[in-house]
Amino acid sequence: MIFKAILVTVSLFIGTSCQSHVGKKESGQEPQKKEQITKLTSQDLDKFETAYFASGCFWCVEAIFESVKGVKEVVSGYSGGTEKKPTYEQVGGGMTSHAEAVKVYYDPEVISFTALVQVFFGSHDPTTLNSQGPDRGTQYRSVAFYKTNKEKQIIEGYIKALKDQNVYDGAPITTEVTEFTKFYDAEDYHQDYERKHPKNSYITNVSVPRLNRFKENFKEYLKEDAH
């Protein structure tokens with residue numbers, strides 16, 4: 001069944017963006033822990049499949065996919081560019097060809113790649129070129145990465161369905177369908193950022209509302225303990 005994607009409208013908060021409230025200084029601060037976070041080991045994660053997406057600030061995207069049943073872990077990072085070992089300052093500052101992206105570890109026996117594509121399109125606005133909410137620049141572009149021809153066909157088929165149903169009232173879908181090559185993990189202080197920094201202004205004004213909109217429209221995909 002094809003789920004109708006939900007257009008996301010995010011208010012523009014002056015001075016509130018993914019890169020305006022974090023830096024080297026904040027990376028050394030004690031996280032404002034909201035809950036105990038249990039992490040799987042690399043050996044555990046190797047048992048699962050992976051998928052890669054980019055749709056704006058990775059703090060938001062990570063939190064959304066973390067709430068989906070069948071998703072075992074989500075890692076924030078950088079992908080889609082050519083520069084090796086990029087830093088947050090470089091990517092966030094628009095000095096690379098990478099996008100802020102996430103690596104999703106999932107159990108295909110619980111959730112399919114097709115369902116993850118539905119989550120991707122249903123949790124952001126794919127018609128806003130090189131931007132998402134208050135974040136502007138190619139580093140915040142919409143990208144659905146594929147590792148196989150089957151995944152490419154699924155993504156392109158879903159985009160065709162969205163167009164055929166005129167979900168976006170004629171607005172062009174700007175999402176890039178890109179072959180996956182390399183993913184670079186973001187710095188440690190970016191991982192689980194939404195959970196660790198619940199009082200951050202970007203988190204409260206942008207990430208949490210975006211997450212709540214997704215949860216309201218995709219209740220059937222949520223984990224029972226989704227925060």
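In helix 8, the buried residues (under 20% relative accessible area, 1.4 Å probe, protein chains only) are Tyr202, Ile203, Val206, Ser207, Arg210, Leu211, Phe214 and Lys215. This is a predicted model, in which local features need pLDDT of at least 70, side-chain atom pairs count only at pLDDT 80 or more, and totals for chains, interfaces and linings use all residues. Residues are numbered from 1 along each chain as its sequence is written, and side-chain values use heavy atoms, with hydrogens and water left out.

**Helix 8**

- Helices (H or I, at least four residues) and strands (E, at least two) are DSSP runs numbered from the N terminus.
- Helix 8 covers residues 201-217, and its end C-alpha atoms are 24 Å apart; this agrees with the 24 Å expected because its 17 residues are taken at 1.5 Å a residue, the multiplier being one less than the number of residues.
- A bend of about 35° (the angle between axes fitted to the seven residues ending there and the seven starting there) occurs at serine 207, with proline 209 following within four residues.
- At the N-terminal end, asparagine 200 acts as the cap, a side-chain oxygen lying 2.8 Å from the backbone nitrogen of tyrosine 202.
- Partners packed against the buried residues of helix 8 include strand 1 (49-55), helix 3 (58-66) and helix 5 (113-122).

**Strand 1**

- Of the 7 residues in strand 1, 6 are buried.
- Strand 1 runs antiparallel to strand 3 (residues 99-106), joined by 5 bridges, and threonine 50 stands opposite tyrosine 105.
- Strand 6 (residues 142-146) also pairs with strand 1 (at least two DSSP bridges are needed), antiparallel over 3 bridges; here alanine 54 is opposite valine 143.

Methods:
Buried < 20%, exposed > 50% of the residue type's maximum accessible area, 1.4 Å probe, protein only. Contact = heavy atoms within 4.5 Å. Polar contact = N/O pair within 3.5 Å; in protein donor to acceptor, adjacent residues only side chain to side chain.
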